[in-house]
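Student: I would like a close look at one helix and the parts that pack against it. Please take me through it step by step.

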Amino acid sequence: MIYIYSFLFAGFVCMLGQIILDNTKLSAGHITSIFVVTGAFLDTFSIYDQIIAHVGAGALVPITSFGHSLIHGALEKASDMGFIGLLMGMFDLTATGITAAIVFSFIFTLLFRPKN
Amino acid sequence: MEKVNYEKIVEKHKPTETRGQNAFIAFVTGGIIGVIAQVLTELYASWFEISTKDASTFMLVTLIFLACLFTAMGFFDKWVTFCKCGLIIPITGFAHSMQSAGLEYKKEGPIFGIGSNVFKLAGSVILYGVVSAWFFGLLRLIIMGG
């Protein structure tokens, strides 16, 4: 059942992005930025946590979960350290994704040559 | 007057089917990635006997690795052109934007080429994500106390 929920949620978010892309003048960069802010906003009231609990990994894949992870790490640290914790914990949960993307893209950039 | 007519004609001939088709393709491909993510998470959790949370981190790294590799090998661009938001909105789009920017500016050297351009597209996601997460976190700390 969780597979169906994953499919529906991830598909729905992507479809929403595609509809915005086709019907407005916003570019893909605008849409991903808007979605990240939306994810951060939803997690301010712990709504995104509920979605992940019900939907599983389907909610972790769209870029909205990037915003969720940012604020989630920040708030977790802030509960120990107060306001400075917001700055300390910001990248706690997203560090893996960002580091992996940087390292892999750098290695592959060195190894491969561009097609055109 | 003529301009108004022209706009009307353009509006009439705008392909409405492709919009619906695009949305459908994005829905299906995005959904497939969601299912792959869920399957991978469960596989990793049972293989390495780790918690679901750790397994989902492994899953994200796998997706990022594959997106970078396929982009570098050259055929991921065609997939993105076909699926559009189905591949841009998931984390694969983040990796794809960094990898393609890196490859595109490779010829300008390691510092001014790769170094300063890798975050050209992904940078806005990080910037607005961090600023909004900081702002919302601050609001929540002030209003709800953590």
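Tutor: What follows is a walk around helix α2 of chain A, using a predicted model.

Two packed helices are described by the angle between their axes and the distance between the axes. Keep both in view for each of the two pairs below.

Start with the neighbour α3(A). Helix α2 of chain A covers residues 28–44, and helix α3 of chain A covers residues 47–55. Their axes are 5 Å apart and meet at an angle of about 95°. Angles of 65 to 115 degrees count as roughly perpendicular, so α2(A) is roughly perpendicular to α3(A). On the α2(A) side, the contact is made by G39(A), L42(A) and D43(A). On the α3(A) side, I47(A), Y48(A) and D49(A) take part. Sorted by class, the residues of this contact are three nonpolar, one polar and two charged.

Now turn to α4(A), which spans residues 64–81. The axes of α2(A) and α4(A) are 6 Å apart, and the angle here is about 45°. That angle makes the two helices oblique to each other, because it falls outside the ranges for roughly parallel, antiparallel and perpendicular. The crossing of α2(A) with α4(A) is right-handed. From α2(A), the contact takes in F35(A), V36(A), V37(A), T38(A), G39(A), A40(A), L42(A), D43(A) and T44(A). From α4(A), the residues are T64(A), S65(A), F66(A), G67(A), H68(A), L70(A), I71(A) and H72(A). By class, this contact has eight nonpolar, eight polar and one charged residues.

Put the two lists side by side. G39(A), L42(A) and D43(A) belong to the contact with α3(A), and G39(A), L42(A) and D43(A) also appear in the contact with α4(A).

Finally, look across to the other chain. In total, 57 residues of chain A are in contact with 61 residues of chain B. Both α2 and α4 of chain A are among the elements that give two or more residues to the side touching chain B. Others on that side are α1 (2–23), α5 (83–88) and α6 (95–111) of chain A. The most comes from α1(A), with 16 residues. By class, the side of chain A that touches chain B has 39 nonpolar, 16 polar and two charged residues.

To sum up, α2(A) packs against α3(A) at about 95°, packs against α4(A) at about 45°, and gives two or more residues to the side that touches chain B.

Methods
Residues numbered from 1 in each chain as written. Chains lettered and ligands numbered in written order. Predicted model: local features only at pLDDT ≥ 70, side-chain atom pairs only at ≥ 80, totals over all residues. Axes fitted to C-alpha atoms, helices over the stretch in contact; angles between N-to-C directions. Helix = DSSP H or I, 4+ residues; strand = E, 2+ residues; numbered from the N terminus. Parallel < 35°, antiparallel > 145°, perpendicular 65-115°, else oblique. Contact = placed C-beta atoms within 7 Å. Nonpolar A, V, L, I, M, F, W, Y, C, P; charged D, E, K, R; others polar. Left-handed = near helix turned anticlockwise from the far one by under 90°.
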